[in-house]
Protein chains: 2
Amino acid sequence: MNKDFILRLTKYKRLLYKLKALGFERVFSNNLGDAIGVTPALVRKDFSTLSLPGNKRGGYNVDTLIEKLDKILGRDRAQHVVVVGCGRIGTALMEYSGFNTDGIEIVAGFDAHPENVHNTSGVPIYGMDKLNEYVQENDTKVAIIAVPDSEASKVLDRLIDAGIRGILNFAPVELKCTRNDCPGSTTIHNVNIALELEHLFYQVNSQEAEEEEKHATGEETGAHPDGNT
Amino acid sequence: MNKDFILRLTKYKRLLYKLKALGFERVFSNNLGDAIGVTPALVRKDFSTLSLPGNKRGGYNVDTLIEKLDKILGRDRAQHVVVVGCGRIGTALMEYSGFNTDGIEIVAGFDAHPENVHNTSGVPIYGMDKLNEYVQENDTKVAIIAVPDSEASKVLDRLIDAGIRGILNFAPVELKCTRNDCPGSTTIHNVNIALELEHLFYQVNSQEAEEEEKHATGEETGAHPDGNT
DNA sequence: AAGTTAATGTGAACTATCGCACATATATAG
DNA sequence: CTATATATGTGCGATAGTTCACATTAACTT
Ligand SMILES: NC(=O)c1ccc[n+]([C@@H]2O[C@H](COP(=O)([O-])OP(=O)(O)OC[C@H]3O[C@@H](n4cnc5c(N)ncnc54)[C@H](O)[C@@H]3O)[C@@H](O)[C@H]2O)c1
Ligand SMILES: NC(=O)c1ccc[n+]([C@@H]2O[C@H](COP(=O)([O-])OP(=O)(O)OC[C@H]3O[C@@H](n4cnc5c(N)ncnc54)[C@H](O)[C@@H]3O)[C@@H](O)[C@H]2O)c1
């Protein structure tokens with residue numbers, strides 16, 4: 001339900017796979033908490049709300065956790081994605097092989113001008129006219145939008161029409177489904193790189209200002225309880 | 001201070017620029033709230049905590065807001081970034097011109113093998129040996145990490161040594177500054193695309209399961225108060 | 001100039017999230 | 001078989017973040 005909660009689940013799952021590869025059979029809420037940066041109590045509470053059983057003395061069984069988390073996170077089936085807009089970002093994603101390790105596969109690309117795309121990825125690229133057909137025949141549910149900002153909203157509509165229910169949007173516009181017949185189940189995540197950079201600049205700048213201030217006041221403030229990142 | 005808070009500020013600012021371009025002179029907390037998806041009360045409270053003054057009847061003055069937000073968010077000076085790792089993602093970012101509109105400029109790229117990079121971006125690309133010199137001479141504070149996962153941690157160390165204080169990391173590892181002499185002011189943001197996709201899959205899958213369940217129980221649940229995204 | 005309207009500004013209530021602390025259960029040792 | 005150590009499971013209180021509700025005040029109207 002909650003964003004942070006699901007994020008933690010995904011982190012647990014990833015960590016557990018790594019631990020399994022290292023030969024771990026059991027883990028403690030302590031270990032997991034340390035690794036993903038939360039308190040052990042929260043780990044236990046998370047597992048508790050998901051009814052993930054632990055062993056009162058021996059911690060949690062890695063295989064059990066992985067199995068159940070995979071089911072909860074939907075990794076028991078293959079996860080297929082299509083990319084719409086095969087420009088710089090789009091092709092970078094299609095050429096990227098790292099998604100496989102997470103059970104994610106980019107199965108097709110779509111572009112308004114597929115003939116212009118220099119395709120070295122092995123992923124087939126189709127024209128936009130093939131979108132509906134492909135999505136429906138292959139029962140694809142998730143798409144990445146990597147078209148110019150001005151096109152993003154139109155593309156969103158087409159994707160929803162085609163039956164896509166989850167969208168990762170790279171265009172720097174806050175996409176929302178505003179149609180009257182918008183399926184309530186549609187989820188849109190916006191990845192706004194410029195926003196992230198701005199956020200960074202803000203923090204860096206304000207940190208700097210703070211330090212300058214500290215110097216200016218002669219370092220007399222030794223009681224600033226700010227040890228967090 | 002708070003992540004969501006700063007994110008909202010940035011969103012306000014962006015929206016305000018767009019509104020200004022449209023000829024707006026005043027806005028109401030209502031408008032802003034609708035546009036960025038929060039309640040008008042929160043908008044007012046945000047502005048209140050920043051001492052951004054509004055007009056008791058005529059809302060907020062767009063120019064004033066922009067000016068003050070720009071100052072708070074540090075946009076009164078030019079914002080320079082360097083990219084480390086000029087592969088697919090790295091070059092996509094360097095070739096991208098959209099950052100300019102937000103006052104952000106990618107000023108240089110660095111790569112372990114600059115001779116292999118096909119550079120069409122106009123941004124100069126240097127070897128890693130030039131990193132320290134460049135960052136110090138140009139007083140660069142923010143960098144993007146786009147190197148392979150296995151290199152990310154090493155690169156992080158080098159960046160911090162060079163004087164970088166804000167980092168946007170695209171490698172799918174949760175980078176943390178774990179050194180003993182890590183400057184407390186260093187900020188790291190991780191953009192994990194695979195994580196985002198997994199999150200989407202989770203939501204889509206669970207939505208689907210929910211709907212199936214609803215159908216199975218004969219649609220007798222008309223009282224599910226879930227109208228949010 | 002007085003009255004009305006329409007927005008802000010904010011204290012208080014509410015809500016969700018998280019950490020604490022301890023009761024609880026189980027594996028191991030004696 | 002009993003005792004003990006150890007890690008889970010969870011009620012409760014603290015805290016931060018958000019919304020409510022309304023007093024406040026500036027602009028417009030007549
Ligand atoms: N490149 C980056 O580093 C970067 C960074 C941040 C954000 N973004 C955003 O990501 C999006 C894509 O950026 P890019 O640099 O890859 O752009 P690009 O111009 O390289 O590629 C866009 C692609 O979309 C295709 N396209 C255009 N209209 C279309 C439509 N209606 N339907 C289908 N395809 C269509 C074009 O043919 C082109 O191949 C943009 O919105 C951009 O603002 C990019
Ligand atoms: N391409 C994608 O779509 C995508 C998606 C998600 C995450 N990522 C992550 O982003 C990162 C970059 O991905 P990519 O596809 O651009 O990789 P890439 O292999 O295309 O490029 C990596 C670049 O880094 C350079 N490099 C390697 N080691 C270096 C070092 N120690 N110092 C400086 N430069 C070094 C290489 O020369 C190369 O140019 C990876 O961690 C990847 O997992 C990429």
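**A walk along the two DNA strands**

Start by selecting B:Arg57 and DNA strand C: an N or O atom in the side chain of B:Arg57 is 2.9 Å from a sugar or linking oxygen of the strand. Keep in mind that you're looking at a predicted model.

Now click on the residue B:Lys56. Here a backbone N or O atom sits 2.8 Å from a base nitrogen of strand C. Next, hop over to A:Thr39, where a polar side-chain atom lies 2.7 Å from a phosphate oxygen of strand C.

Time to zoom out. Colour H3 of chain A and H3 of chain B, the elements that each give two or more residues to the surface near strand C. H3(A) has the largest share, with 4 residues. In total, 22 residues surround this strand, and A:Lys45 and B:Ser48 are among the closest. Sugar and phosphate make up 60% of the strand C atoms that come within 4 Å of the protein.

On to DNA strand D. Select A:Arg44 and look at its side chain: an N or O atom there is 2.9 Å from a base nitrogen of strand D. Then pick A:Arg57, which has a polar side-chain atom 3.1 Å from a sugar or linking oxygen of strand D. For a phosphate, go to B:Arg8, with a side-chain N or O atom 3.4 Å from a phosphate oxygen of strand D.

Which element gives the most to the surface near strand D? Select H3(B), and you have the 4 residues it supplies. To finish, colour the whole surface near strand D by class: you'll find 9 charged, 8 polar and 5 nonpolar residues.

Definitions and conventions:
Residues numbered from 1 in each chain as written. Chains lettered and ligands numbered in written order. Predicted model: local features only at pLDDT ≥ 70, side-chain atom pairs only at ≥ 80, totals over all residues. Heavy atoms only, no water. Polar contact = N/O pair within 3.5 Å; in protein donor to acceptor, adjacent residues only side chain to side chain. Nonpolar A, V, L, I, M, F, W, Y, C, P; charged D, E, K, R; others polar. Near = heavy atom within 4 Å.
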